Amino acid sequence: MKSTYFKYFILCTILILLTEATKYSLQFDKLLYNSLAENLTSNQIDNFFNLQKKWQWVSYLFIPIFILLKTCIIASVLYIGTFFYIKNDITFNKIWTCVIQAEFVFLLIPVLKIIWFCFFQTNYTLEDIQYFYPLSALNITGYQDLDPWLIYPLQVLNLFELAYIIYLSYQIGHLTQTNTDNGLKIVCYSYVPALFLWVTVVMFFTLNYS
């Protein structure tokens with residue numbers, strides 16, 4: 001378990017550093033200032049940034065909590081899947097370790113985002129950064145003419161999610177001492193429906209509150 005906690009710490013640390021690198025390299029604060037200037041006064045914007053700077057430590061705390069909750073929920077769903085489809089006794093901690101390792105796949109997303117906007121699309125807006133998701137269906141369709149409730153599911157439909165599912169399938173197959181095909185069956189019967197349910201819930205709330 002010590003190695004799992006270490007991987008979790010490394011994952012959170014890298015994600016925090018990449019988040020800050022993205023904000024700095026893409027001049028996120030400047031874009032946010034220009035966006036807020038359309039509706040707020042200069043004094044109001046300054047107060048907003050001062051408050052944001054004062055409570056910046058909360059964002060550093062949010063990332064580890066978010067990663068912990070996300071990985072524990074996914075590990076729980078997979079654990080239930082192995083319980084129903086595999087006779088081998090697989091512990092929750094082993095599955096959680098696999099999920100932590102799989103999360104490193106998503107670290108490529110902010111890296112590619114920085115590369116894209118620094119070298120390819122150098123003229124961009126705040127919305128371009130917010131909605132950009134490399135190797136996703138949204139990048140093919142574009143977000144400008146889409147209804148807001150369609151944006152998130154098109155973001156989720158991406159090659160990183162596919163790589164995540166394949167890696168989890170391989171690891172589950174290894175844990176259950178079977179094969180990747182059997183691991184893929186467990187992931188498709190547990191994680192994929194849970195992901196679909198989550199996307200549906202987000203779409204529902206977006207549709208009702210947009």
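A salt bridge is a side-chain nitrogen of Lys or Arg within 4 Å of a carboxyl oxygen of Asp or Glu. Keep that cut-off in mind for the first stops of this tour, which goes through a predicted model.

**Stop 1: the salt bridges**

The structure holds 2 salt bridges. Select Lys 70 and Glu 103: the closest N and O atoms of this pair are 3.2 Å apart, so the distance falls within the 4 Å limit. Lys 70 belongs to helix α4 and Glu 103 to helix α5 (residues 92-103), so the pair ties together parts that are 33 residues apart in sequence. Is each partner buried or exposed? Lys 70 is partly exposed, with a relative accessible area of 25%, whereas Glu 103 counts as buried at 4%.

Now select Lys 23 and Glu 20. They form a salt bridge with the closest N and O atoms 3.9 Å apart. The two residues are 3 places apart in helix α1, which means that about one helical turn separates them. Lys 23 is partly exposed at 27% relative accessibility, and Glu 20 is partly exposed too, at 24%.

**Stop 2: the start of α1**

Stay in helix α1 and select Thr 4. Thr 4 is buried, with a relative accessible area of 3%. Which residues touch Thr 4, leaving aside its neighbours within four places in sequence? Show Trp 96, Thr 97 and Ile 100: these are in contact with Thr 4.

**Stop 3: the loop after α1, then α2**

Move to Gln 27, in the loop between α1 and α2. Most residues other than glycine have a negative phi. Gln 27 is not a glycine, yet its phi is positive, about 55°. Gln 27 is partly exposed, with a relative accessible area of 46%.

Next, select Leu 31, Leu 32 and Leu 36, which are buried residues of α2. They cover an arc of only 130° around the axis, so they lie on the same side of α2. To see part of what covers the buried residues of α2, display helices including α3 and α7.

**Stop 4: the loop after α7**

Select Leu 135, in the loop between α7 and α8 (137-141). Leu 135 is another residue other than glycine with a positive phi, here near 60°. Its relative accessible area is 48%, so Leu 135 counts as partly exposed.

**Stop 5: the largest pocket**

Select Leu 15, Phe 62, Phe 66, Lys 70 and Tyr 133. Of the 47 residues that line the largest pocket, these lie nearest its centre. Lys 70 is already familiar from its salt bridge with Glu 103. The space in this pocket is about 2,100 Å³.

Which helix supplies the largest share of the lining? Colour α4, which gives 12 residues. Other helices that each supply at least two lining residues include α1 (2-25), α6 (108-119) and α11 (180-209). By class, the lining has 31 nonpolar, 8 polar and 8 charged residues.

**Stop 6: the second largest pocket**

The last stop holds about 250 Å³ of space. Select the residues that line the second largest pocket, among them Pro 153, Leu 162, Ile 165, Val 192 and Phe 196. Helices α9, α10 (159-175) and α11 each supply at least two residues of this lining. How many residues of each class are found here? The lining has 10 nonpolar, 1 polar and 1 charged. To finish, add Asn 158 and Glu 161 to the selection; both are part of the lining.

Methods. Residues are numbered from 1 along each chain as its sequence is written. This is a predicted model: local features need pLDDT of at least 70, side-chain atom pairs count only at pLDDT 80 or more; totals for chains, interfaces and linings use all residues. Side-chain values use heavy atoms; hydrogens and water are left out. On a 1 Å grid over the protein atoms alone, a cavity is a set of points where a 1.4 Å probe fits but cannot get out, and a pocket is an open set with protein on both sides within 12 Å along at least five of seven lines; lining residues have an atom within 4 Å of a point. Grid points are joined across faces, edges and corners, and a volume is the space filled by probe spheres set on the points. Helices (H or I, at least four residues) and strands (E, at least two) are DSSP runs, numbered from the N terminus. Ala, Val, Leu, Ile, Met, Phe, Trp, Tyr, Cys and Pro count as nonpolar, Asp, Glu, Lys and Arg as charged, and the others, Gly among them, as polar. Buried means under 20% relative accessible area, exposed over 50%, partly exposed in between (1.4 Å probe, protein chains only). The arc is that of the directions from the helix axis to the C-beta atoms. Contact means heavy atoms within 4.5 Å.
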